Amino acid sequence: MAYEGLAPMIERVKMVTGFIATPNRDVATVFDLEDSYVGSPQMAACVERMKADPEMGRCIAEGYVTPDYDPDALIRLPPDTLGHAYARLLKNFNYAAHFYRDRELRTDADYCIMRMRKTHDIHHAVTGFVPRGHGETGVIAVSAYQFGYPAYLLIDLAAMALSVHPGGAFQQTFDWIGVGMKMGHDCKPLAGIKWEDGWDKPLAVWRQELGITPVMSGDTSWHETPGMVA
């Protein structure tokens, strides 16, 4: 497979380092980064890895999509369920279910990007990673490890590189990315799981079935985030 020239990678590095170094991060930069990989050899290789996973491969072949998730309906599920946990996260952090930029589904790469965007916060719910700080670099490390998803991999690499600057929390950054990568190694691939078929399944059962050892304590876990309400 051919490699890209150096210029596109330089532009992506500038994009992602600026994003990480900015206190008030604009998530649109992440979408720009993902979009920049469409048509690239890195994304093509990622798509082939995703197709090789049975669940994600079926989703791609079927063009499997769902309506937008409805947090107001999901929050009414029993407190121990995946659907309730996901809706609780969104409501406590004031996040919208459809927070992401849409792409027209012309290619398999478009599909894979949209699936990653749409299920991102579900990954937070099942892994226990809080949706901020080290919780973000930790949760994206799962998919970076499982599929070599290029945008996520570059974000984590940039986070590690910038953390060694004076005042940077490099050990914590490395530790939590490591936790996410080990989780990605140990658990089943998450991208193609049809969470929508099991909103009412207990979160603990989902984790057991997938082989996830969640982050349950500390400031990198949403389970111990101050002010979280049911």
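Which residues of H1 are buried? Before selecting anything, keep in mind that this is a predicted model. With that said, begin the tour by selecting residues 6–21, which make up helix H1, and within that selection pick out Arg12, Val16, Phe19 and Ile20, the residues of H1 that are buried. If you turn the view so that you look down the axis of H1, these buried residues fall within an arc of 90°, so they line one face of the helix. An α-helix has 3.6 residues a turn, so residues three or four places apart point the same way.

Still on H1, the span from the first C-alpha to the last is 22 Å for 16 residues, close to the 22 Å expected at 1.5 Å a residue. Rotate to the other side of H1 and select Leu6, Ala7, Lys14 and Ala21, which are exposed there. To see what covers the buried residues of H1, add H2, helix H3 (41–52) and H9 to the view, since these are included in that cover.

**From H2 into the salt bridges**

Keep helix H2 (residues 28–36) on display and select Asp35, which lies in it. The side chain of Asp35 meets that of Arg103 in a salt bridge, with 3.0 Å from N to O. Arg103 lies in the loop between H6 and H7 while Asp35 belongs to H2, so the pair ties together parts that are 68 residues apart in sequence. At 24% relative accessibility, Arg103 counts as partly exposed.

Next, add Arg117, whose side chain also meets that of Asp35 in a salt bridge, at 2.8 Å from N to O. This pair links distant parts of the chain, with Asp35 in helix H2 and Arg117 in helix H7, 82 residues apart. Arg117 has a relative accessibility of 2% and counts as buried.

Then return to Arg103 and select Asp110, which forms a salt bridge with Arg103, the closest N and O atoms being 2.8 Å apart. Asp110 is buried as well, having a relative accessible area of 3%. To view the whole group, select Asp32, Glu34, Asp35, Arg101, Arg103, Asp110 and Arg117 together, as these residues are linked in a network of salt bridges. Across the whole structure, a search finds 16 salt bridges.

**A stop in the loop between H6 and H7**

In the loop between helix H6 (82–92) and H7, select Asn94. What is its backbone angle phi? Asn94 has a positive phi of about 60°, although it is not a glycine. With a relative accessible area of 71%, Asn94 is exposed.

**Helix H11**

Now move to helix H11 (residues 203–210) and select its buried residues, which are Leu203, Trp206, Arg207 and Leu210. Seen down the axis of H11, these buried residues fall within an arc of 95°, so they line one face of the helix. They pack against H6 and H7, which can be shown alongside H11. The face turned away from the buried side of H11 carries the exposed residues Ala204 and Gln208. Just after H11, Gly211 takes a positive phi of about 80°.

**Helix H10 and the surface patch**

For the last stop, select helix H10 (residues 170–186), which has 17 residues and reaches 24 Å from its first C-alpha to its last, close to the 24 Å expected at 1.5 Å a residue. Within H10, highlight Thr173, Ile177, Gly180, Met183 and Gly184, which are buried. Looking down the axis of H10, you will find the buried residues within an arc of 115°, so they line one face of the helix. Their cover includes helix H7 (108–127), helix H8 (133–147) and helix H9 (150–163), whereas on the other side of H10 the residues Gln171, Lys182 and His185 are exposed.

Finally, select Val164, Phe170 and Phe174, which form a nonpolar patch on the surface with about 280 Å² of accessible area together. Phe170 is found in H10, and so is Phe174. Phe170 is partly exposed, with a relative accessible area of 39%, and Phe174 counts as partly exposed at 39% relative accessibility. Leaving aside residues up to four places away in sequence, Phe170 touches Ser163 and Val164. As a closing distance check, select Phe170 and Glu4, which are 166 residues apart in sequence and 30 Å apart in space, C-alpha to C-alpha.

Notes. Residues are numbered from 1 along each chain as its sequence is written. This is a predicted model: local features need pLDDT of at least 70, side-chain atom pairs count only at pLDDT 80 or more; totals for chains, interfaces and linings use all residues. Side-chain values use heavy atoms; hydrogens and water are left out. Helices (H or I, at least four residues) and strands (E, at least two) are DSSP runs, numbered from the N terminus. The expected span of a helix is 1.5 Å times one less than its number of residues. Buried means under 20% relative accessible area, exposed over 50%, partly exposed in between (1.4 Å probe, protein chains only). The arc is that of the directions from the helix axis to the C-beta atoms. Contact means heavy atoms within 4.5 Å. Patches are made of residues with over 30% relative accessible area and no salt bridge: like charges are joined within 9 Å, nonpolar side chains (Val, Leu, Ile, Met, Phe, Trp, Tyr) within 5 Å. Accessible areas come from the Shrake-Rupley method with a 1.4 Å probe; for residues, only the protein chains shown count as cover. A salt bridge is a side-chain nitrogen of Lys or Arg within 4 Å of a carboxyl oxygen of Asp or Glu.
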